[in-house]
Each structure stands twice: as C-alpha cells, then as structure tokens.
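I opened the model to look up its overall burial, one sheet and its packing, and the aromatic rings. My entries follow in that order.

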Amino acid sequence: MNDDSQILIARLLTHQSLRRDDKLVKRVLSDELFRAEVDARLLATGLKLLDNVYADHVTLALHRAIEPKIFGARDVWQNNNFGLSRDGVALLVVLWAQIILPKRERQETHQHADDDQNDMFGVEKPLPRAEDTSIGIAYKALLADFGDKLGKKTRLDMNLGILAKLGFIERRGDVIVEGPLLDLMMDTDLLKERIINGALADVFKRSPAQIIPVPRQFVPAAQEADAVTEAVTDHSADTDIDADAASDSAADTELPDES
C-alpha cells in the first residue's frame, strides 16, 4: 500500500479540491505509476480524479459507470445537483459561460487578464494559470442582465451563496470570480456549442463587454468595483437569456457526489 496515494485521496475527500501546485497533486499528474495506483483505488470506490490543464485545482467525481446505480435508471434519473434548484443550475451555466469560456480563450492565446493585446511570441510561453487569466463578473451587471430570468435579487443572492459555498465561485467585493470547481465540473466539449449557439446565443452575439481582471490576492475597493460595474452594464444592458434553456443545457454538468 502506498501511503502517499492514501493521503492524497483522503485530502481530496476532506477538502473537496486541491491546487495543482500541491506536492502530491503534481506527482499524480506527472508520475504514471502513481497515477495508475490512485486511479485504481478510486475506481474501487466508484470515484475518479478530475483535472484539466485549464484549471488550477483537481477534485473527485463519481465514475460514469457507477452513476446509474447511484442516481437511478434514465427514466427516473435523479442527478445530484447539490440541492440547486432549476434557476440555480441556470445561474451556474451563465457564470460558467461568462467566466470560463473567455478564460480558456485567453489561456489558449497565452494572454493574461491584464494584457492589452496579443503577444506575437506568446505561443512560446507556458499555458497561463487560471488565476492569471481570471475575468470577474460585476454583481450589479449580472443582476441587471439576468435577474428577471433567474428569480430576481433574492433568489439570485441565495443561489450565489450556494455556489460560493460549494466552491464554484468566489465573491470578491462586488465581483464574482471563478472558484476551484467551476472549470472542473462542466463538460466543456459537450456544452460549449450548446451554450454559444443555444441558450446564451444572444450574449455571445453582442459586442464584447469590458472585462474585469481580478488578481486572486487583490480585493477591489468599493468605488473601483462600482466603476467597473458601470462599464460592464453599459455594454450588456440589452442582454436576454432563456433560463429554462440554460438549465436544460446544464443537464450534462458533471456534479460529483458530495463526499
């Protein structure tokens, strides 16, 4: 028995997620034998390790093969959405689309959040970390754009609180930024086209809004957050969304069992 694999799995079960620069996480992502041992031990309990190069964290999820036995047959499928209501799932999809998709585009073009333009030599640089390409969403702009479709302020605030508690987002003053799980739980390959050309088509067809780079170690002052909010709201006042369509698109969201 490898004590390191036992410790890594126990820490993931306890803390829900770990950073990629953690010593044992770095080992499991680079050591094939260690990864095979961890995968085998997880598989024996119906779990798997979730990671992708665009996220700064790793986590655990139910293995696809075990999901039907946990959530039931397809005709009575009971997906575990951490207690999120329909409008909560729709809000999760909206935040994922507005935070993760632009972040991944920046990572693929090797841009940092505070870069003014593309670096012609950027492709030679390592893939930027998520925290270096993070784009914040102003709360007031989110409320103005989607509040009517997602239960107005009371429901929006409640669902944002749940998403923050679960680790999908973080609140930094008046700005909402990516949490450890937001880029891990969603099946980007499956959802990207549905989101861009479906539920959020109107959002992505409008002129790009001003982005809000939010370094992890910096919490904006109230007056700066208000200025950022006004800038984003000016570009997004005409946005509309079908919350039901967004919620339906989220049916493929990979939300693991709470463990």
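How many of the 259 residues of the chain count as buried, in per cent? I found 46%, taking buried as under 20% relative accessible area, exposed as over 50% and partly exposed as in between, with a 1.4 Å probe and protein chains only. I note that this is a predicted model, in which local features need pLDDT of at least 70 and side-chain atom pairs pLDDT 80 or more, while totals for chains, interfaces and linings use all residues. Residues are numbered from 1 along each chain as its sequence is written, and side-chain values use heavy atoms, without hydrogens and water.

**Whole chain.** I looked up the exposed area and got about 13,300 Å², with 51% of it from carbon and sulfur atoms (Shrake-Rupley method, 1.4 Å probe; for residues, only the protein chains shown count as cover). Among contacts (heavy atoms within 4.5 Å) with a separation of 6 or more, 68% join residues 24 or more positions apart. The secondary structure comes to 11 helices and 7 strands, read as DSSP runs numbered from the N terminus, helices being H or I of at least four residues and strands E of at least two.

**Sheet.** I followed an open, antiparallel sheet of 3 strands in the order S1-S3-S2; strands pair if DSSP finds at least two bridges between them. S1 (17-19) and S2 (47-50) are the edge strands with a single partner strand each, so one side of each has no neighbour in the sheet. Neighbouring strands are turned by 25° against each other on average, direction ignored.

S2 and S3 (residues 57-62) pair over 4 bridges and form a hairpin with 6 residues between them. Across this pair I saw Lys48 opposite Ala61 and Leu47 opposite Leu62. S1 and S3 pair over 3 bridges, and Leu18 has Val58 of S3 as its bridge partner. Is S3 mostly covered or not? I counted 6 of its 6 residues as buried.

**Helices on the sheet.** Helix H3 (residues 32-43) lies across S2 and S3, at about 140° to S2. Axes are lines fitted to C-alpha atoms, for helices over the stretch in contact, and angles run from 0 to 180 degrees between N-to-C directions.

**Rings.** I searched the whole structure for aromatic pairs and found 0 (ring centres of Phe, Tyr and Trp, its six-membered ring, within 6.5 Å; planes under 30 degrees apart are stacked, over 60 edge-to-face, the rest tilted). I did find the charged end of Arg27 over the ring of Phe34, 4.1 Å from its centre; the criterion is NZ of Lys or CZ of Arg within 6 Å of the ring centre and within 35 degrees of the ring normal.
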